[in-house]
Amino acid sequence: MRGTRKDWWLKILGLLLVFAVIASACGDDDEGSDPEPGDDASDSSGDDSSGDDSSDDGDDGGEDADPLAGCGEGAVTDLSPDRDVARCEPGYPAPQPLEERASVRLATNFWGFEFTAPYVLALELGEFEKENLDVEVVTGVSLADGIVQMEDCTVDITVGGTEASLHNGISAGLTVKQVIGNYFPPDAGDTSIDQTGLWARADAFTNPDDPDLTELEGTTLGTAVALGSVINYPIGLAFQEAGVSLLDLDLEVIPSADLPLALENGAVQSAWVLDPIWSQLADNPDFVLVATQPPGEALGGLYASSCFREDRREVAVAFIRALIRTMNTYLAEGYKTNNVEELQVLADVADIPLEAFTGTPETLMDWEMGEGTSERAQGFFMEYGVLEYDEIIPEDQVYDRSIYLEAVRGPEG
Amino acid sequence: MTNTDPNTTVDKRGPRVLRREPGVAEIKPRAHVRNRKAAERALAIGVPAALLLLWQLAHHYEWNLLGYWKIDQRFYASPYEIVTSEKLREADFWRDVWTSTRRMLIGFALGAGAGVFIGLAMGMSRLVRAALDPLLTALYTVPKLALLPLFLTIFGFDERPRVMLIAVTVFFFVWISTMAAIMAVPEGYREAAMSFGVSRWQMFRHVLLPGSLPQIFVGLRIAAGVAVLILIGVELVIPSQGGIGSLIERGRTLLIPELTYVGIALAALLGLLFTLVVRWIGRLLIPWAPEDNAPGQG
C-alpha cells in the first residue's frame, strides 16, 4: 500500500509538471503575437507606399516599437482657426489590440457621405479589427436620439454636429461630450472658391459680384435642417457680419437634394448647400456663393456618454485610435489622388459613382475640436431660442479632448 | 329549470306561475338613470385620473418597470410638468396650435364634403358606382403619407400639400361610410316612398338622407380622429411652418422632452375635442339617431 501511495504522488507531480510546461508554452505563444500591431499597420496601408514605410519602421522595433512613433509634434495643434490640421505619419497611431475583444455600437444618421469616411473606412478596411474591436453600426439614429440611447449605455458612440440638442442634453445633466472632430473644407472662408456654403440666386442682389447679404432680409432661406442644427451657426455668422439676423429671414426646411431645384425655381432665394450637391450650382452665373463654413472649425464629430468615455475608457481610446489612424493613412491631404482605391470602397458603400467624390475638392479630416466653436454656436442658438438655458456652457463641459490626446500621445495625453 | 332573474320568483301558490317584481330601474327610474350616469361619469373621469396618478408616481419615484424600462426624469415629463409647462404660456406655442387646427379644419371640410358628395352619388347610382368603385378602392389602400412627396411636387412647399393630404385621407373614410349608409337604407323604405309617387329629390330628401345620416356621421367621427392622425404625421415629416407635429419634432431634435410631451398631449386633446364637436353636430342634425352610434369614439 505504501509503495502504491508513493507512485500516486509521483504520477500527480508528473502531471502537474506536464501542465506547467503546456501552460508556459501557451504563454510564450501569446507574447509572441504581441508585435502584430506593427504588422497590422503595414497591412492597413495596402498599396500606399508611405503607409508601408512608416509601419515597417514600426515593425523594425518588434515588441519594443513605439506605437506612437509616427505621431510627432504635428499630432497636436494649438486649436487656432489658422492652424495646420493635426496629422501623424500614415499607419499611426499603430494598433494596440485590446486583450479582450470588445464590442462597440456606433449610431449614426449618416453613412457613406464623404465626412463619414473615417469610420466607414475604418470598418471596411479592418482598422477597428486591428484594435480587437467589433463595431456594430446602427443607422437612422439622429444625434438627439443617440444621446438618449447613450445615457443608458445602449449605444456607445454617436455621430452628429455640435447642435442645440447636445447642449440642451448637457444642460439637463446628461454625461454626453464630444470626443473627436470631423472635418472642415480646406478653402473655408474663401467665397471665390466653389464649396459647401450659403448659395443664393444672383438676381437677389443688386450687384451679384459683390453680394450684400442685407438684401436677403425678408426672403426665404432653404435649409435641410431646423434652427437647432449647427449649420445655422455659420449661416448666422455670415448674416451677423452683414448686420442681419437669421431670424429676419423665412426659413424653409427642404430636403438637401431638393435645394438646388428650390433655388432654381425661386421657392427660396438662398440655401445652405452641402457636398456634393453644391456642384450642381457651381459655374452657373445664376447662383453665387455668399458664405462658407468658418475656417479651421470642425462643426461636428462623434459623441459619447460617460458609459463609454469613462467606464470603458480603454475601448474608447482604441476606437478613436483606429479613426485617427484611418485619417492619417487613407484620408490625409491628397487622398483624392493617392487613395482612390479606398475612395472606391466608400463609393461602393454609398452606392454612388466614384466621381461623386473625386469631382469635388478634398475635405480636411480633423480629429481635433477647435477652440470656441461650441461657445460661439451656443451664442447663436440662444438668439434662435432653441436652448433651454440662459448661460453659455463652457467648452470643457462639452468637449472631452483627452481621448484623442491619449490616442496620439499615450496615457499621459 | 333554475330561475336566473333576481327580480322574478316562483310563486308559492303554484309551480308554473311566475311573479316578476319591479327592479330599481322601474321603481325609481329617475334615480336609477341618475346613478347610472354618475357611475359612467365616475368611470370616465376616474380611469384616466388613476392612470395619470400612476404616471405621476412613476415619474416622481423613477420606477424601474420590469427591471428594463427606467422612468428617467430627464427624458420623461410628468403630467404635472405638462400641465404647468412654461411652453403653454408662449405665444409661439399657441400659434402652432392654431396652425394645426386651421389645417385640420380646412382639410377635413374639403375631404368630408367631397366624400359625402361622391359617396351619395355612388350609393344612389349603380353606374357611378361601377365607374368609380374599383379605382377608389385601389387608392384607398395606398398609405396616404406616401403621397406626400407627390403632393410636394404638385403643390410646392406651402400649406397646400399638408391640407390636401388631410383632405384626401378624410375623403376615403367619409366616402366609404356614406356609400355604405345609402346602400343600407332598407328597400322597404324606398318601396313605401315610391308607392306615394315621390320624385328623385323627394326620395333623397325624405328617405335616403334621413336613413343614412346616422351612419354618415359615424364615418365623419372616425374621419375626424384620422384627420388629427394624418395632420400630426405630415407635420412630423415636414416640420417647417409650424404645427403641433412640428412642436413634437422640435422637442425631439432639440432634446426638450417637455415640449414633445406637451405636443403629444395637445394632439390628443385636439383629437378628442374635434371628435366631440363632430358628434355634437351630429346630435343636433339627427336627433332621431341612437345617442352613441360610433363604437369606441367620443
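Me: What radius of gyration does chain B have, set against a compact globule of 298 residues?
Reply: This is a predicted model, where local features need pLDDT of at least 70, side-chain atom pairs count only at pLDDT 80 or more, and totals for chains, interfaces and linings use all residues. Residues are numbered from 1 along each chain as its sequence is written, with chains lettered from A and ligands numbered from 1 in the order in which they are written. The radius is taken over C-alpha atoms, and the globule rule is 2.2 Å times the number of residues to the power 0.38. That rule puts a compact globule of 298 residues near 19 Å, but chain B has 26 Å.

Me: What share of chain B is buried?
Reply: Buried here means that 20 or more other C-beta atoms, placed from the backbone, lie within 10 Å of a residue's own. Of the 298 residues in chain B, the buried ones make up 30%.

Me: Which element of chain A gives the largest share of the side that touches chain B?
Reply: Two residues are in contact if their C-beta atoms, placed from the backbone, lie within 7 Å. By that rule, 20 residues of chain A meet 12 residues of chain B. Helices (H or I, at least four residues) and strands (E, at least two) are DSSP runs, numbered from the N terminus. With 4 residues, the largest share comes from helix 7 of chain A.

Me: How far apart do the C-alpha centres of the two domains, domain 1 and domain 2 of chain A, lie?
Reply: The bounds come from an automatic or database domain assignment, giving domain 1 (54–58 + 75–186 + 298–409) and domain 2 (197–292) of chain A. Their C-alpha centres are separated by 27 Å.

Key
Buried ≥ 20, exposed ≤ 12 C-beta atoms within 10 Å, placed from the backbone.
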